Amino acid sequence: MKAKSDLGVILVTGASGGIGEAICRLLVNKGHRVIASARSLAKLENLADELGDALLPMALDVTDADAVANLVAALPQGFNEIDVLINNAGHDTGGRRRFDEGSAEQWCDIVETNVQGMIRVTHALIGGMLQRGRGHVINLGSIAGLKPYATGTAYVTSKYAVHGFSETLRLDYAGQGIRVTEIMPGLVRSGFARQRLGDAEQAREFYASFDASLQPEDVAATVAFALAQPLRVEVAQLVVLPV
Ligand SMILES: NC(=O)c1ccc[n+]([C@@H]2O[C@H](COP(=O)([O-])OP(=O)(O)OC[C@H]3O[C@@H](n4cnc5c(N)ncnc54)[C@H](OP(=O)(O)O)[C@@H]3O)[C@@H](O)[C@H]2O)c1
């Protein structure tokens, strides 16, 4: 029998594939109650069929300000006190191109999802965490938030912003029972490159051009590590590289 969770409810954004899905699978298997959110509800429902009642699928576009502001009100009892938020939703659609070769709309959409989305969802949940005096916000940054690369303007900008947000949020809530962790992975084999490049073959070639990559499960394990620490321990940052 699975151990009963003492972490409370966990919300994962961008849970319909890749790292988010792996996080949901691992945390449910560890006995936690998880809300899996993304835009692709059918994929989340398949995950719920596989993982059972501990996983609640929820359609949520993190760029939809109204939906995010009302997300707690829309949740059923038993899932509406969220103590752990995993800000994972993100993309680089149209990326890996020189700045002038992509449209301003494309670049802004990356920031809208990766940065504004993270800020909106955190803002929607932080009040409840403060009231209960406990919470953990885990943000998916990237090594792109540590060192820029050519052809990554918007994505690099977004991940530097994730870094700044995480560092500052931690200062805002120091000593108030709210922990903030930033996870910064290197290359992970997921749906990310397909989404970025818009083509499965190009995505395969992209991953093949690197000697090594992480699996989504490797990143999920780092999330579980940060969550499992005693309350006196705040894992501030984890940089995770493939070898
Ligand atoms: N893959 C890598 O090499 C890598 C490395 C470092 C960091 N990361 C970061 O890790 C996170 C997850 O990436 P991944 O590799 O797992 O990519 P992925 O396989 O493409 O998954 C991305 C997830 O984000 C969701 N998403 C995109 N736009 C959304 C929106 N507006 N609202 C809600 N959900 C949205 C997608 O679901 P829907 O389309 O169903 O909404 C999907 O579930 C991202 O923040 C990424 O920047 C990835």
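In this predicted model, strand β6, which covers residues 178-185, is largely enclosed by the rest of the structure, because eight of its eight residues are buried. A residue is counted as buried here when 20 or more other C-beta atoms lie within 10 Å of its own. The side chains of the strand divide between two directions, with I178, V180, E182 and M184 pointing one way from β6 and R179, T181, I183 and P185 pointing the other way, and the residues of both sets are buried.

The pairing of β6 with other strands was examined next. Strand β5, formed by residues 135-140, runs parallel to β6 and is joined to it by six bridges, and within this pairing L140 has I183 of β6 as its bridge partner. Between these two strands the chain passes through helix α5, made up of residues 153-172, and the resulting β-α-β crossover from β5 to β6 is right-handed. Strand β7, spanning residues 237-240, is likewise parallel to β6, and four bridges connect the two; in this pairing M184 of β6 stands opposite V239 of β7. I183, the partner of L140, and M184, the residue opposite V239, belong to the two sets of β6 residues that point in opposite ways, and both are buried.

The surroundings of the ligand comprise 31 residues, of which G14, G18, R39, S40 and G90 come nearest. Helices α1 (residues 18-29), α4 (residues 104-132) and α6 (residues 192-197) each contribute at least two residues to this shell, and α1 gives the most, with three residues. When the shell is sorted by residue class, 17 of its members are polar, twelve are nonpolar and two are charged.

At the level of the whole protein chain, the secondary structure amounts to eight helices and seven strands. The radius of gyration of the chain is 17 Å, close to the 18 Å given by the globule rule for 243 residues, and the chain is therefore as compact as a globular protein of that length. The C-alpha trace spans about 45 × 40 × 40 Å along its principal axes. Of the 243 residues in the chain, 40% count as buried, and strand β6, with eight of eight residues buried, contributes to that class. Among the contacts between residues at least 6 apart in sequence, 69% join residues that are at least 24 apart.

Notes: Residues numbered from 1 in each chain as written. Predicted model: local features only at pLDDT ≥ 70, side-chain atom pairs only at ≥ 80, totals over all residues. Buried ≥ 20, exposed ≤ 12 C-beta atoms within 10 Å, placed from the backbone. Pairing = 2+ DSSP bridges. Right-handed = clockwise from strand over helix to strand, strands pointing away. Near = placed C-beta within 6 Å. Nonpolar A, V, L, I, M, F, W, Y, C, P; charged D, E, K, R; others polar. Rg over C-alpha atoms; globule rule 2.2 N^0.38 Å. Contact = placed C-beta atoms within 7 Å.
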